[in-house]
Amino acid sequence: MTLLSLEDREREYSPSSCIGGDYMPFLDAYAERSAAALEGHAVRRELPYGDQPTQRLDLFVPPGKPGAPLPPLLVFIHGGYWQELSKDDSFFGAPGALDAGFAYAAIDYTLAPRASIGAIAIECRNALRWLHAHGAELGIDPSRILVAGSSAGAHLAAMCCVRGWTEDHDLPAGVPAAGVLVSGVYELEPLIGTSIDGALSLTPRDAAVWSPMRLPLATFPQTVICWGEIETDEFERQSRTFADAVAAAGAPRPELFEVAARNHFDVILDLSERGTLLGDATLRLLEALRDRTP
């Protein structure tokens, strides 16, 4: 990896640097589409996966027919550099998933600086463990869970896909069964000392323990890894390097691609949108889980 100056890292890990600095219109789009999803679909809100008020998730399940198999579940983990946004901004992927016959969940977690990145990753794993344990009563297939995330959420989704990095909080075999990682950060060390690090207080040891790039990847599930065309070089490099590391470890080679005309903030809006590069890739993974022989 080429060593970058602090000034270069500040720019490269500031995704808004590619769009003129104003990312609020995209956050507004998250909120507007999420509100429309809530208005148009049945949802179970504020389901507790832990004791803390931040440890909640919301779940959309498509209408089922008596005797029909339970649907796979698409779980989304939001971004915001571990310190912004919430599940309430994260329902934009529900309509496309439901239209295709799949369930959808959005996870909340404790934001930095109240929680470290490692603690946040454990919360997300606990959410998946809870969904797996209660899957049948919730109306989802607990063995067919796909975890997706954007930006910091992609890091957290990747940490959910890594096995064994924390024995006390490991997940059942086969959970998650697949992943979709969008514009993620898989090596944390470049963030140390940047303005992003103000709420994170990362140390070199933290970067070593909490970077998916440095963890055992041999059991990583089938995954889509992508980024937007209008992103910094570092987001593309991190995605390509992580995909290569997963394949080199002997896990299934990720499906890797760049999404034309999309930036760091709007690429995730395609998550389950049929007819888009990302949406079609996500739905193919869910369809493969649905059609998989038990």
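In this predicted model, the side chain of Ser5 reaches the backbone nitrogen of Asp8 at 3.1 Å. Ser5 sits in the segment before helix 1. With a relative accessibility of 36%, Ser5 counts as partly exposed. Ser5 and Ala148 are separated by 143 residues in sequence. In space, their C-alpha atoms are 31 Å apart.

The strands form an open sheet of eight, in the order 1-2-4-3-5-6-7-8. The pairing is mixed. Strand 1 (44-48) and strand 8 occupy the edges. Each has a single partner strand, so one side of each lacks a neighbour in the sheet. Neighbouring strands are turned against each other by 20° on average, direction ignored. Helix 6 packs on this sheet and touches strand 3, strand 5 and strand 6. The direction of helix 6 makes about 150° with that of strand 5.

Strand 3 is enclosed. Five of its five residues are buried, so strand 3 is largely surrounded by the rest of the structure. In a regular strand, side chains alternate between the two faces of the sheet. Leu73, Val75 and Ile77 point one way from strand 3. Leu74 and Phe76 point the other way, and all are buried. Strand 3 pairs with strand 4 in the parallel sense, over five bridges. Leu74 stands opposite Tyr104 of strand 4.

Strand 6 and strand 7 also run parallel, joined by five bridges. Within this pair, Gly179 has Thr223 of strand 7 as its bridge partner.

Ser90 lies in the loop between strand 3 and helix 3 (94-99). Its relative accessibility is 2%; Ser90 therefore counts as buried, the cut-off being under 20%. Beyond residues up to four places away in sequence, Ser90 touches Ser34, Phe76, His78, Tyr104 and Ala106. Of these contacts, Phe76 is one of the buried residues of strand 3, and Tyr104 is the residue of strand 4 opposite Leu74.

Helix 8 lies across strand 6, strand 7 and strand 8. It runs at about 160° to strand 7. The helix has 16 residues, 233-248. At 1.5 Å a residue, the expected span is 22 Å; the end C-alpha atoms are 22 Å apart, which agrees. The buried residues of helix 8 are Glu234, Phe235, Gln238, Ser239, Phe242, Ala243, Val246 and Ala247. Their cover includes helix 1 (6-12), helix 6 (152-161), strand 6 (178-182), strand 7 (222-230) and strand 8 (255-263). Just after helix 8, Gly250 adopts a positive phi of about 100°.

Gln238 of helix 8 is also in contact with Glu187. Glu187 is placed in the loop between strand 6 and helix 7. A relative accessibility of 10% falls under the 20% cut-off, so Glu187 counts as buried. Its side chain makes a polar contact with the side chain of Arg214, at 3.0 Å. A polar atom of the Glu187 side chain also lies 3.0 Å from the backbone nitrogen of Glu189. Neighbours within four places in sequence aside, the contacts of Glu187 are Ala207, Ser211, Met213, Arg214 and Gln238.

Nonpolar side chains tend to be buried together in soluble globular proteins. Here, the largest nonpolar core has 62 residues. Trp82, Leu131, Phe220 and Phe242 have the most contacts inside this core. Strand 2 (56-60), strand 3 (73-77), strand 4 (103-107), helix 4 (117-133), strand 5 (145-150), helix 6, helix 7 (204-210) and helix 8 each give two or more residues to it. Helix 4 gives the most, with nine residues. Phe220 illustrates the packing. Leaving aside neighbours within four places in sequence, Phe220 is in contact with Ala158, Cys161, Val162, Leu181, Phe242, Val246, Ala251 and Pro252. Among these, Phe242 and Val246 are buried residues of helix 8. Another core lies apart from the largest one. This core has 38 residues, among them Tyr30, Val224, Leu283 and Leu285.

Definitions and conventions: Residues are numbered from 1 along each chain as its sequence is written. This is a predicted model: local features need pLDDT of at least 70, side-chain atom pairs count only at pLDDT 80 or more; totals for chains, interfaces and linings use all residues. Side-chain values use heavy atoms; hydrogens and water are left out. Helices (H or I, at least four residues) and strands (E, at least two) are DSSP runs, numbered from the N terminus. The expected span of a helix is 1.5 Å times one less than its number of residues. Buried means under 20% relative accessible area, exposed over 50%, partly exposed in between (1.4 Å probe, protein chains only). Contact means heavy atoms within 4.5 Å. A nonpolar core is a set of buried Ala, Val, Leu, Ile, Met, Phe, Trp, Tyr and Cys residues joined through side-chain atoms within 4.5 Å. Two strands pair if DSSP finds at least two bridges between them. Axes are lines fitted to C-alpha atoms, for helices over the stretch in contact, and angles run from 0 to 180 degrees between N-to-C directions. A polar contact is a pair of N or O atoms within 3.5 Å; within protein, one must be able to donate a hydrogen and the other to accept it, and residues adjacent in sequence count only if both atoms are side-chain atoms.
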